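Please work through the exercises below with the sequence and the structure open beside you, and try each task before you read its solution.

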Protein chains: 2
Amino acid sequence: MAEDWTQMWKELGLELGNHDKLMAALGPLYLEWFADQPNRPEAMRYFDFVISEVHGLRIKELLDHKEKGGAVVGTFCLFVPEEVVVALDGVAVGLCAGADFSVPIAEAELPRNLCPLIKSFYGFKLGKICPYFESADVVVGETTCDGKKKVYEHLGKIHPVYVMEVPNKKGPAGRELWRTELENFIAAMEEITGNRLTEDNLRAAVKKVNDKRRAIRRVHELRWNDPAPISGKDALLIMQISFYDDVERFTRKADEVADELEKRVAAGEGVFPAGTPRLMVSGTPMAIPNWKIHHVVETSGAAVVAEEMCTGFRYFKNTVNEDAKTLDEMKEALVDHYMDINCACFTPNEARLDDIEYLYKSSGAQGIIHATLSFCTPYLVEQGSVKKFAAEHDVPLVAVETDYSEGDVGQLKTRVEALVEQVSS
Amino acid sequence: MAEDWTQMWKELGLELGNHDKLMAALGPLYLEWFADQPNRPEAMRYFDFVISEVHGLRIKELLDHKEKGGAVVGTFCLFVPEEVVVALDGVAVGLCAGADFSVPIAEAELPRNLCPLIKSFYGFKLGKICPYFESADVVVGETTCDGKKKVYEHLGKIHPVYVMEVPNKKGPAGRELWRTELENFIAAMEEITGNRLTEDNLRAAVKKVNDKRRAIRRVHELRWNDPAPISGKDALLIMQISFYDDVERFTRKADEVADELEKRVAAGEGVFPAGTPRLMVSGTPMAIPNWKIHHVVETSGAAVVAEEMCTGFRYFKNTVNEDAKTLDEMKEALVDHYMDINCACFTPNEARLDDIEYLYKSSGAQGIIHATLSFCTPYLVEQGSVKKFAAEHDVPLVAVETDYSEGDVGQLKTRVEALVEQVSS
């Protein structure tokens, strides 16, 4: 790291001993898993830099923003309408949630039989090792799963928390509930930021966030070419960074990657040889530094070419309608947008199978890894439907349930290699 | 069993081989765990009879009801408004869900890391070993937890299913959603039963079901005396049977138990010696034949004197307001009633702690067993709050996570005995 941020971390109240240990573990992992990839796009340099400053420069930016009276809003879920936060001159950041490091800290208060993402984020807060958490004026939670819904109650006792209710069904009553929740969220964010939502600032914010979604989509769709012009790991990394980087800068930098990838595609260049077996991953989100499955795949002779997950297609599939004119119409457009996410929190959620089919065919994938975090009931139960879909469509599929530990890497590798062999033969 | 019901089971499409095995296992278990209890109330004979005919005479009654054009509605949850079913001349029955026997059958399609109650009911259907399931015109599910919410999707492919959305929060938007869901449920039930909901039939149904709740409450409050006039196991059994027996007959029979218990209390008689250590159980519901924890407690020198759970206090704590006059007012009263259940599906659910405190003090309990089914995230995470409450109020507490297998009985017994020793000293 270029600069010493110790003083900043101290002022944020971080527990420096543990935080140092965490940083000392992440650096070498990143170097080993990312820097060594052959023929990476030049434009990835920016994202390497962002990772190297993940708890440094970006936090400094957040604190500078707060210094000027701005608000920082922490989130864990696609359903939190970032357009509203951006419109009110707030910064929305995804909080730390992807490391095994903080899981044991959380298990002092939470059950072991619980999703690692949830244990991880709670441990990051409890152990004071996430500077994003400590910079966030409020954490906006949602009711998308039992685990998060209930753990936000505990979190609310040690950090300001605001919870949005996502309905369980998408029908008219559910939409109406979400409409009300959006209105309440706007009021709460206006209070926190001290700004008022207007047609102008919301329109500009929708445009900004849409541009971000479009830039990521460009990168991800370019992966559909063979040879793939960028690794799955790097594409995932860009996706992950989109949740906490400055929106406009991120968009420019992602577009730079896309520009470079377009040239590669035109020249027939890639990061893997043409004909490399292509796999798609579908399931639960992958928070930094959870790169396990992508790393296993891409060190087993295959490429990940698509992610049907929150850190992937579910985020950039749709943009918010920009034709809405009045503030009311814009709010309706936001409601439509968020109710169109095919998350397993909804029942039924059949449209997710359409997304999987679309992405599978478009990306030229030859097999699917259905990957869920341990104890993630919504996706674990939906796995049955995805398996049935795969069987009916003759799609090779491997289903894995995994956490953030390294204990199962050997077993994962064996199963992924078997899938790679199956799709290659 | 008095009669041979084989022909009836065959006509219902039961898988007789497995069903025989199940019945052969349950009979001796019941005899061993219930019949041998000393000084049981005479009036328990009826409930013994009901259990002996659990898959026989009661099913015959349901089929006779259907023969006459009546409907049978299967449920798994307190939130399904049975008053509406009763008003429309339907019969609401809780379905089979408490046996380890059917769990492996379900695991062919469902994840292992899933609540045993859910795996059990799905296995009962998949294996065709529950005559209640096979008699039910429709199963009414709800969205109270991720597991049930998602498994109803699978169930809907092999049985008619109707799902009610229970909101995640109790505020005005959630209440409004539930009001709409009630209206939709009424329309669906009118369609299924062919009857119309009226002021008269709803008023009569509310009264009937309230009487049932009141009768159970009488029995349960009489347990608050020392010596306890009835065992926890028998009180739980009455509660469990209330979910599938004929409403009016059940109410009479529960009242007969209560009458007998009143005489015992007046005479200072009980089923355990005065001064026997008293424990309360709080947590997830116990479906027949899940009597494990009660049996462990009552063979470890203590008595269970209260249950803060769905098969317990949560069911009979409140009655539906009988003063409502118009159909609309009655519907509002139903909405109020159901939104007043303190289930862990809601966030927050602080009022559950008030219920625990009330029941703990009223019942004269000296310690709490917080018992959750494995992988039940809502109650497992709330466990943290209950533990905190217990610590703050100096209440001895043991928290257990258990399933329907017998593998952990020894370990449970050790922990319960330690709690009994603690409260006795």
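The expected span of a helix is 1.5 Å times one less than its number of residues. Keep in mind throughout that the model is predicted.

**Exercise 1. A helix and its cover**

Task: Find how far α10(B) reaches from its first C-alpha to its last, and state which elements are included in what covers its buried residues.

Solution. Begin with the length: α10(B) has 22 residues, and its reach from the first C-alpha to the last is 31 Å, which is close to the expected 32 Å. Next, look for the residues of this helix that are buried, a word that here requires 20 or more other C-beta atoms within 10 Å of the residue's own. In α10(B) these are Ala173(B), Gly174(B), Leu177(B), Trp178(B), Glu181(B), Phe185(B), Ile186(B), Met189(B) and Thr193(B). When you compare their places along the helix, it helps to know that an α-helix has 3.6 residues a turn, so residues three or four places apart point the same way. Then ask what lies over them: the cover includes α5 (82-87), β4 and α16 (327-339) of chain B, together with α10 (172-193) of chain A. Finally, step just past the end of α10(B), where Gly194(B) takes a positive phi of about 75 degrees.

**Exercise 2. An open sheet in chain B**

Task: Give the order of the 4 strands in the open sheet of chain B, and explain why one side of β2 and of β4 is left without a neighbour in the sheet.

Solution. Reading across the sheet, the order is β2-β1-β3-β4, and the pairing is parallel. From this order you can see that β2 (91-94) and β4 (161-164) of chain B stand at the edges; each has a single partner strand, and therefore one side of each lacks a neighbour in the sheet. Neighbouring strands are turned by 30 degrees against each other on average, with direction ignored. For a closer view of one pair, take β1 (residues 72-75) and β3 (residues 138-142) of chain B, which run parallel and are joined by 3 bridges. Within β3(B), the residue that stands opposite Gly74(B) is Val139(B).

**Exercise 3. From strand to strand in chain A**

Task: Describe the partners of β3(A), and state the handedness of the crossover from β3(A) to β4(A).

Solution. On one hand, β3(A) pairs with β1 (residues 72-75) of chain A in the parallel sense over 3 bridges, and Thr75(A) has Val140(A) as its bridge partner in β3(A). On the other hand, β3(A) is joined to β4 (residues 161-164) of chain A by 4 bridges, again with the strands running parallel, and here Val139(A) has Val161(A) as its bridge partner in β4(A). Now follow the chain from β3(A) to β4(A): it passes through helix α9 (residues 146-155) of chain A, and this β-α-β crossover is right-handed. As a last step, consider how well β3(A) is covered: 4 of its 5 residues are buried, so that the strand is mostly covered.

**Exercise 4. Where the chains touch**

Task: Determine which element gives the most residues to the side of chain B that touches chain A, and place Gly384(B) in this picture.

Solution. The contact takes 36 residues from chain B and 36 residues from chain A. On the side of chain B, the elements that give two or more residues are α9 (146-155), α10 (172-193) and α18, and α9(B) gives the most, with 8 residues. Sorted by class, this side has 16 nonpolar, 11 polar and 9 charged residues. Turning to Gly384(B), we find this residue in helix α18 (residues 377-392) of chain B, where it touches Glu109(A), Leu110(A) and His154(A). Gly384(B) counts as partly exposed because 19 C-beta neighbours lie inside 10 Å.

**Exercise 5. Unusual backbone values**

Task: Compare Asn39(A) with Phe375(A): is each buried or partly exposed?

Solution. Most residues other than glycine have a negative phi, and most peptide bonds are trans. Phi is nevertheless positive for Asn39(A), near 60 degrees, and for Phe375(A), near 65 degrees. Asn39(A), in the loop between α2 (16-35) and α3 (44-52) of chain A, is partly exposed, with 13 other C-beta atoms within 10 Å. Phe375(A), in the loop between β7 (367-373) and α18 (377-392) of chain A, counts as buried, with 26 C-beta neighbours inside 10 Å. For the peptide bonds, note that the one joining Ile288(A) and Pro289(A) is cis, with omega about 0 degrees.

Terms used: Residues numbered from 1 in each chain as written. Chains lettered and ligands numbered in written order. Predicted model: local features only at pLDDT ≥ 70, side-chain atom pairs only at ≥ 80, totals over all residues. Pairing = 2+ DSSP bridges. Axes fitted to C-alpha atoms, helices over the stretch in contact; angles between N-to-C directions. Buried ≥ 20, exposed ≤ 12 C-beta atoms within 10 Å, placed from the backbone. Contact = placed C-beta atoms within 7 Å. Nonpolar A, V, L, I, M, F, W, Y, C, P; charged D, E, K, R; others polar. Right-handed = clockwise from strand over helix to strand, strands pointing away.
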